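Visitor: I have a structure open and would like someone to walk me through it. Could you take my questions one at a time?

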Amino acid sequence: MIQIAPSILSADFSRLGEQVRLVEDAGAEVLHIDVMDGHFVPNLTYGAVVVQSLRAHSRMRFDVHLMVEKPELLIADFAAAGADHITFHLEATCHVHRVIQLIKEHGMTAGISLNPATPLDGLKYILPDLDMVLLMTVNPGFGGQKFIANVIPKIQVLSRHIQQTQSSCLIEVDGGINLETAPIAVKAGAHILVAGAAIFAQPDPQQAVERLRQAAHSMKSE
């Protein structure tokens with residue numbers, strides 16, 4: 001089943017609780033929470049306090065995407081705040097296995113993210129330990145960017161490998177996902193679609209979730 005993961009990076013933070021409720025009521029399964037440190041990526045966003053403030057008001061799966069250096073330093077805080085899943089960047093640490101183990105020791109599922117130009121080779125010895133791989137379809141750091149079509153072959157290769165190895169690892173894509181690109185990503189093998197502007201920048205975020213799901217499932221059923 002294709003899952004929709006609205007990204008609060010594009011939400012109206014003056015009405016954040018209300019907007020999260022809107023997308024949850026529309027059937028979104030996952031809430032994508034982008035954490036940026038101003039070092040690994042040029043932008044700076046929010047910390048665990050935002051997860052903590054939303055946790056009591058939502059039953060969605062909280063998918064925390066750490067775009068930070070030294071992600072291991074933040075895992076305990078986000079676990080305590082109520083995160084369900086943490087994804088960190090392969091490019092951000094040289095102790096990948098250690099970080100995966102730390103995430104799981106805190107009772108969360110673990111994912112690795114790869115930037116558009118990062119090859120899949122780095123997943124060779126860690127894929128069995130992962131619950132999800134997030135393939136960036138834009139360069140991380142800012143919302144509202146254009147989908148990088150050159151990532152499609154990477155999604156296809158990873159999807160084939162997961163099927164061949166009978167892995168339960170899911171593929172998530174993030175960046176430039178909208179009504180036009182969602183079906184393309186799903187056809188390539190994506191399971192979870194992160195969408196920010198395509199949902200929260202629309203006049204009706206609830207309708208935007210429903211339309212994105214319809215577009216994704218139309219391709220999945222072909």
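Guide: Gladly; what follows is a set of questions and answers on this predicted model.

Visitor: Let's begin with the largest pocket: what is its volume?
Guide: The residues closest to the centre of the largest pocket are Gly143, Gly144, Asp174, Gly175 and Gly176, out of 25 that line it. Strand S2 (30–36), strand S3 (61–67), strand S8 (192–195) and helix H7 (197–200) each give two or more residues to that lining. The volume of the largest pocket is about 260 Å³.

Visitor: How many residues of the lining are charged?
Guide: By class, 12 of the lining residues are nonpolar and 11 are polar. The number of charged residues in the lining is 2.

Visitor: Is Val138 buried or exposed?
Guide: Val138 sits in the loop between strand S6 (132–136) and helix H5 (152–165). The relative accessibility of Val138 is 5%, and the cut-off for the covered class is under 20%, so Val138 counts as buried.

Visitor: Which residues does Val138 contact, leaving aside its neighbours within four places in sequence?
Guide: Asp174, Gly175 and Gly176 are among the residues closest to the centre of the largest pocket, and they are also among the contacts of Val138. With its neighbours within four places in sequence left aside, Val138 is in contact with Pro116, Gln145, Lys146, Phe147, Ile148, Asp174, Gly175 and Gly176.

Visitor: What distance separates the C-alpha atoms of Val138 and Ile33?
Guide: Along the chain, Val138 and Ile33 are 105 residues apart. In space, their C-alpha atoms are separated by 16 Å.

Visitor: On to charges: how many salt bridges are there?
Guide: Side chains of opposite charge can pair when their charged atoms come close. One such pair is Asp12 with Arg15, where the closest N and O atoms are 3.3 Å apart. Counted over the model, the number of salt bridges is 5.

Visitor: Which residues are linked with Arg15 in a network of salt bridges?
Guide: Arg15 forms a salt bridge with Asp12, and the side chains of Arg15 and Glu18 meet in another at 2.9 Å, N to O. Relative accessible area is 31% for Asp12 and 38% for Glu18, while Arg15 has 34% relative accessibility, and each of these values falls in the partly exposed class. The residues linked with Arg15 in the network are Asp12 and Glu18.

Visitor: Which residue meets Asp84 in a salt bridge?
Guide: The N to O distance in this salt bridge is 2.9 Å. The pair links distant parts of the chain, 29 residues apart, with Asp84 in the loop between helix H3 (75–81) and strand S4 (85–89) and its partner in helix H2 (residues 48–55). Asp84 is partly exposed at 26%, and the partner is partly exposed at 22%. That partner is Arg55.

Visitor: Which side chain makes a polar contact with Thr118?
Guide: Thr118 lies in the loop between strand S5 (109–114) and S6, and it counts as buried at 16% relative accessibility. Leaving aside its neighbours within four places in sequence, Thr118 is in contact with Leu90, Glu91 and Lys154. The side chain joined to Thr118 by a polar contact of 2.5 Å is that of Glu91.

Visitor: Which residues of helix H6 are buried?
Guide: Helix H6 covers residues 181–188 and is mostly covered, with 6 of its 8 residues buried. Just after H6, Gly189 takes a positive phi of about 130°. The buried residues in H6 are Thr181, Ala182, Pro183, Ala185, Val186 and Ala188.

Visitor: What phi does Lys70 have?
Guide: Lys70 is found in the loop between S3 and H3, and at 54% relative accessibility it counts as exposed. Lys70 is not a glycine, yet its phi is positive, at about 50°.

Visitor: And what phi does Gln166 have?
Guide: Gln166 lies in the loop between H5 and strand S7 (170–174). With a relative accessible area of 74%, Gln166 is exposed. Although Gln166 is not a glycine, it has a positive phi of about 55°.

Terms used:
Residues numbered from 1 in each chain as written. Predicted model: local features only at pLDDT ≥ 70, side-chain atom pairs only at ≥ 80, totals over all residues. Heavy atoms only, no water. Helix = DSSP H or I, 4+ residues; strand = E, 2+ residues; numbered from the N terminus. Buried < 20%, exposed > 50% of the residue type's maximum accessible area, 1.4 Å probe, protein only. Contact = heavy atoms within 4.5 Å. Salt bridge = Lys/Arg side-chain N within 4 Å of Asp/Glu carboxyl O. 1 Å grid on protein atoms, 1.4 Å probe; cavity = no way out; pocket = protein on both sides within 12 Å on 5 of 7 lines; lining within 4 Å. Points joined across faces, edges and corners; volume = space filled by probe spheres on them. Nonpolar A, V, L, I, M, F, W, Y, C, P; charged D, E, K, R; others polar. Polar contact = N/O pair within 3.5 Å; in protein donor to acceptor, adjacent residues only side chain to side chain.
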